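Here's a quick briefing for anyone meeting this structure for the very first time. Have a look at it below, then read on.

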Amino acid sequence: MTVHRLRDPEEVAQRASAAIAEAARAAIARRGRFTILLAGGDTPRRTYERLAADGSLDWSKVEFFLGDERPVPPEDPDSNYRMVRIALFDPLRIDPRRVHRIPAERGDPVAVALACEQELARVTGAAIGGPAPRLDLALQGMGADGHTASLFPHTKALAESRRWFAANDVPALSATRITATFPLLERARAVFFVVTGEAKAAALADVLEGTWNPDLFPSQRLRASARVEWFVDAAAASRLREL
Ligand code: 6PG
């Protein structure tokens, strides 16, 4: 695990976007394509905008998946897909066939989660029911309660051990979210977190340095991933032990 302690949200976006581009180039050179799971929320928006300015990448070799979605249509202001479309896909004129969003507007969340799994299997060739495909990169955010994707504390999807996507009831939001699961996230070749702001300082300290309790701090589950890198600003890192 690597923790990059950076000055502010802009430096987090600059460093995270550079690291993503580097991972993309390496994957394309090695395997002919780059598969990435994208975070929603607000924090990664600036990273996507900076990535969109990176003309050195062959974007036609990138497959984009969304890590979670709110129960809204794709053009709703709350839609994670809409945020990424405006910040990354539209500026780069990404071929829609390479964007594998979560069709949350279709209604039945369980059916939507299954459709996401089938799409992932179609694109990666992985067999449903078997081990999750190894995505090249999972880009994650973290909430002030230590959740990541829509894997919130004390929710059912935390215990999912087979499915790659799940419909997760989140009482704290009185909503059902569609989310990538830990079987998928833990198989990723690399996991990058982008975390900024004082509001996340307590949870970040608990996740990185606290007692093991992933039911309370779900992001802890990825703490031991093969290659996990945290891009955090000084405000978010303000409660971490001195280096
Ligand atoms: C979502 C996200 C979620 C997000 C955290 C942090 O749909 O909300 O995917 O996991 O990463 O909630 O959100 P912010 O970046 O907005 O603080």
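Before we get to how helices sit on sheets, one bit of wording: axes are lines fitted to C-alpha atoms, for helices over the stretch in contact, and angles run from 0 to 180 degrees between N-to-C directions. With that in hand, you can read that α3 lies across β2, β3 and β5, running at about 150° to β3. Keep in mind that this is a predicted model. The tour below takes in a sheet of 7 strands, a sheet of 3 strands, the helices that pack on them, and a cluster of aromatic rings.

**The sheet with parallel pairing**

- Seen in order, the strands of this open sheet go β1-β10-β9-β6-β2-β3-β5, and they pair in parallel.
- At the edges you'll find β1 (2-6) and β5 (99-100), each with a partner on one side only.
- Further in, strand β2 (residues 34-38) is joined to strand β6 (residues 137-140) by 2 bridges, and the two run parallel.
- Which residue of β6 is the bridge partner of I36? That's L137.
- Helix α1 packs on this sheet too, and the strands it touches are β1, β2, β3, β6, β9 (191-195) and β10 (228-233). The direction of α1 makes about 160° with that of β10.
- As general background, strands of a sheet pair through backbone hydrogen bonds, either parallel or antiparallel.

**The sheet with antiparallel pairing**

- Here 3 strands make an open sheet in the order β4-β8-β7, with antiparallel pairing.
- Its edge strands are β4 (68-69) and β7 (165-170), each of which pairs on one side only.
- Helix α4 (residues 109-124) packs on this sheet and touches β7 and β8. Its direction makes about 150° with that of β7.
- Between β4 and strand β8 (residues 175-180) there are 2 bridges. Follow them across and you'll see D68 opposite T179, while E69 has I178 as its bridge partner.
- How many bridges pair β7 with β8? There are 6, in the antiparallel sense.
- On that side of β8, D169 stands opposite T176.
- β7 and β8 form a hairpin, with 4 residues between them. In the turn, S174 has a positive phi of about 45°.

**Helices α1 and α2**

- S17 belongs to helix α1 (residues 9-31). Is S17 buried or exposed? Its relative accessibility is 7%, and buried means under 20%, so S17 counts as buried.
- Setting aside neighbours within four places in sequence, S17 is in contact with T47, R50 and L51.
- Two of those contacts, T47 and L51, turn up again among the buried residues of helix α2 (residues 45-52), which are T47, Y48, L51 and A52.
- Why do these four count as being on the same side of α2? Because they cover an arc of only 140° around the axis.
- The cover over the buried residues of α2 includes α1, β2, α3, β6 and β9.

**The aromatic rings**

- In general, a pair of aromatic rings is described by the distance of the centres and the angle of the planes.
- The count here comes to 5 aromatic pairs. In one of them, the rings of F64 and F89 have centres 5.1 Å apart and planes at 65°, so the pair is edge-to-face.
- F64 sits in strand β3 (residues 62-66) and F89 in helix α3 (residues 80-92), so their pair ties together parts that are 25 residues apart in sequence.
- F64 is buried, with a relative accessible area of 1%, and F89 is buried as well, at 4%.
- F89 also pairs with Y81, and this pair is tilted, at 6.3 Å centre to centre with 40° between the planes. Like F89, Y81 is buried.
- Ring pairs link W59, F64, Y81 and F89 into a cluster.
- Over the face of Y81 lies R101, at 5.5 Å from the ring centre.

**One more spot on α3**

- I86 is another residue of helix α3, and with a relative accessible area of 44% it is partly exposed.
- Where does I86 lie with respect to A224? The two are 138 residues apart in sequence and 33 Å apart in space, C-alpha to C-alpha.

Technical notes: Residues are numbered from 1 along each chain as its sequence is written. This is a predicted model: local features need pLDDT of at least 70, side-chain atom pairs count only at pLDDT 80 or more; totals for chains, interfaces and linings use all residues. Side-chain values use heavy atoms; hydrogens and water are left out. Two strands pair if DSSP finds at least two bridges between them. Contact means heavy atoms within 4.5 Å. Buried means under 20% relative accessible area, exposed over 50%, partly exposed in between (1.4 Å probe, protein chains only). Rings of Phe, Tyr and Trp (its six-membered ring) pair if their centres lie within 6.5 Å; planes under 30 degrees apart count as stacked, over 60 as edge-to-face and the rest as tilted. A charge sits over a ring if NZ of Lys or CZ of Arg is within 6 Å of the ring centre and within 35 degrees of the ring normal. The arc is that of the directions from the helix axis to the C-beta atoms.
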